[in-house]
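Let's take a friendly walk through a protein model. Have a look at the sequence and the fold before reading on.

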Amino acid sequence: MNFRSENECWSIPEPDMEASTLTEEGMRQLEADFSEVKIVKYIRDVEFAKIDGKSLKLQLLLPSISSEGERRPLILFIRGSAWQKQSVVPGIPQLVDIARRGFLVASTEYRPAPEYHFPVQSDDGWLALRFLREHAEELGWDTEKTAAWGSSSGAHTALLMALMPRYKKEPTKIKAVVDYYGPAFLPAMIDYHDGSTEHLDQLLGVSVKEHLDLAKEASPVSYLDGENTPAVLIMHGDKDRSCSFEQSVILYRSMRKEGKDVTMYRMHNAAHGGSPFWTSKSMDLVERFLREKLNWHKGKG
């Protein structure tokens, strides 16, 4: 599979080719600038696994490269869906900005509840990363620079991917996580929606109220005592009716208590997602965080 097949998006001048000297009166000249990434190629519906007859797919955003052999960081993005069937494609335009800043972006899907239960969703995230690693060279991915980013239940999945011991032997290491308003401690969610636990029950496959131990096992805050915990950037609206602002406060407080690298922004007056999370200011914060934690600084994309 050739993700970077030659076309006008990826045209790089041959070093041994002389520029044409043809000119005409009134012709103006503009120097080609390869220092900025503005072209992003969207590759839709790349199958990375097939399980129980169901196809799991990636949406890829590949920024242009300026030289052969160039390598860039990769962000695995997981869109929220209350762990139900995701609608991935409509969110792709919001990710173009971060791709234009030089990051490879792969937006992935997972097998949904209620048919599939924890930890299948994070397992599927790792299936996607393994597939991408097999194609790292043609993607232009520096596999030492990998981040996970999720919104809502996708953030919960991304955190579990980065924190759970079951994934620590993976050759790819997630070094940074961007957590957009994700659940962090499931037992504390039980009373938030007037006592309704339908989505939690479907994720776990059992009643969360009757299986608090399993709810804790499915909570990212349960895995903060290990080594090599990735840095986490949290953004959460303080008017969130879907996932309590308290969830991110619990994660932030717990990570600080354990001496982990964590930054949190209260998105004042924001709800569950929406445009405030995708402004240029928010993207600047995400870019700065990822460049620092992945050790990929300005001038490299």
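This report on a predicted model visits one helix, a pair of helices and some backbone details.

**Helix α8**

Helix α8 covers residues 280-293. With 14 residues at 1.5 Å a residue, α8 should span 20 Å, and its end C-alpha atoms are indeed 20 Å apart, so the two values agree. Buried residues in α8 include M283, L285, F289 and L290. Among the elements that cover the buried residues of α8 are β3 (72-78), α1 (92-100) and β5 (141-151). After α8 comes N295, with a positive phi near 55°.

**Helices α2 and α4**

Two packed helices are described by the angle between their axes and the distance between the axes. The axes of α2 (residues 120-134) and α4 (residues 153-163) come within 9 Å and cross at roughly 70°. α2 is therefore roughly perpendicular to α4. Q121, S122, G125, W126 and L129 of α2 meet T157, L160 and M161 of α4. These contact residues comprise 4 nonpolar, 4 polar and no charged.

**Backbone details**

Most residues other than glycine have a negative phi, and most peptide bonds are trans. Here are two residues with a positive phi:

| Residue | Phi | Loop |
|---|---|---|
| A82 | near 55° | between β3 and α1 |
| Y181 | near 45° | between β6 and α5 (198-204) |

Are these residues buried or partly exposed? A82 counts as partly exposed because its relative accessibility is 23%, whereas Y181 is buried at 7%.

Cis peptide bonds join A113 to P114, with omega about 5°, and F118 to P119, with omega about 5°. P114 lies in the loop between β4 (104-108) and α2, and P119 is also in the loop between β4 and α2.

Methods:
Residues numbered from 1 in each chain as written. Predicted model: local features only at pLDDT ≥ 70, side-chain atom pairs only at ≥ 80, totals over all residues. Heavy atoms only, no water. Helix = DSSP H or I, 4+ residues; strand = E, 2+ residues; numbered from the N terminus. Expected span 1.5 Å × (residues − 1). Buried < 20%, exposed > 50% of the residue type's maximum accessible area, 1.4 Å probe, protein only. Contact = heavy atoms within 4.5 Å. Axes fitted to C-alpha atoms, helices over the stretch in contact; angles between N-to-C directions. Parallel < 35°, antiparallel > 145°, perpendicular 65-115°, else oblique. Nonpolar A, V, L, I, M, F, W, Y, C, P; charged D, E, K, R; others polar.
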